[in-house]
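Work through the exercises below with the sequence and the model at hand. Each task is followed by a solution in steps.

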Amino acid sequence: MAAVFYALNMPLSKVLLTDRSGKEMYWNHNSAYYSWIKKTVTNCTNILDVGCGEGSLVRFLDDGNKKTTGIDVDGPCIEKAKALSKSDKEEFLCCDFEEYTTEKVFDAIIFVASIHHMDMVKAIEIAKSLLSPGGKLIIVGLSKPSSLLDWIIEIGRVIPSKIISTVNNIQNSEELNVPVSYELPKMDEVRSTVKRLLPGAGIRYGLHYRYLLVWNKTGN
Ligand SMILES: C[S@@+](CC[C@H](N)C(=O)[O-])C[C@H]1O[C@@H](n2cnc3c(N)ncnc32)[C@H](O)[C@@H]1O
């Protein structure tokens, strides 16, 4: 079993996530992808986190150089995010992304477990319009399996995900009072939307019931 974890690069020991001040952050099926996101946005300086909850990803990405804006429609989440923020590089706004307008453009826009709360087509179109040329759209999303392969992967990840969650003392979004939705799109709907709106973006399966994708904006 240990060899399987090793081959799949799944850490068996506790994963330590810390913010810039060295403060340890909670682990769950969303923050499990924060290190991957941080690597993906290494060269980005102006970032938008859509559906930021209580701002954990914004704090995690803050390296003192990047400017990150977190937006969320939930007032208490944004109040908590503002209270926890200790940096002028972090900004939090309470608003519905589907109504968000700004003069700013971003070189990375991130959705972690939030796009299924919205109209996916509308959210992607808005995000594309807010990205600078060369910018990245990053989605860590939830969906229901639709093909046989989806089901095999869904079932195959139950035990390893459970073990890693136990090792890392999982704290679910519900425990953090962050709104969740289990009304999920089917994976084949996600695939066809991505193919149509984000050509060239490959979808990967994550271990913790998420799909991952990065799309690079080429033109205007
Ligand atoms: C499951 S939480 C994800 C939290 C966070 N991204 C994380 O990494 O844990 C989904 C978040 O999306 C927010 N949300 C839902 N609909 C939204 C909308 N239309 N505009 C902005 N935020 C929204 C919810 O309030 C909630 O905080």
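A residue counts as buried if 20 or more other C-beta atoms lie within 10 Å of its own, as exposed if 12 or fewer do, and as partly exposed in between. By this rule, 34% of the 220 residues in the protein are buried. The model is predicted, with a mean pLDDT of 91.

**Exercise 1.** Classify lysine 89 as buried, partly exposed or exposed, and place it in the fold.

Solution. Start with the location: lysine 89 sits in the loop that joins α4 (75-84) to β3 (90-94). Next, count neighbours: 19 other C-beta atoms lie within 10 Å of lysine 89. Burial requires 20 or more, and exposure 12 or fewer. Lysine 89 is therefore partly exposed. Finally, list its contacts beyond four places in sequence: Asp62, Gly64, Lys66, Lys67 and Thr68.

**Exercise 2.** Compare the radius of gyration of the protein with that of a compact globule of 220 residues.

Solution. For 220 residues, the globule rule gives a value near 17 Å. The protein has 17 Å, so the two agree. As for the extents, the C-alpha atoms fill a box of roughly 50 × 40 × 30 Å along the principal axes.

**Exercise 3.** Describe the residues around the ligand.

Solution. First, the count: 23 residues surround the ligand. Then sort the shell by type, which gives 13 nonpolar, six polar and four charged residues. Last, pick out those that come nearest: Asn30, Gly51, Gly53, Asp74 and His117.

**Exercise 4.** Where does pLDDT stay under 50?

Solution. The stretch is residues 1-9. For this stretch the model has four contacts beyond four places in sequence. Across the protein, 93% of residues reach a pLDDT of 70 or more.

Key:
Residues numbered from 1 in each chain as written. Predicted model: local features only at pLDDT ≥ 70, side-chain atom pairs only at ≥ 80, totals over all residues. pLDDT = per-residue confidence, 0-100. Contact = placed C-beta atoms within 7 Å. Near = placed C-beta within 6 Å. Nonpolar A, V, L, I, M, F, W, Y, C, P; charged D, E, K, R; others polar. Helix = DSSP H or I, 4+ residues; strand = E, 2+ residues; numbered from the N terminus. Rg over C-alpha atoms; globule rule 2.2 N^0.38 Å.
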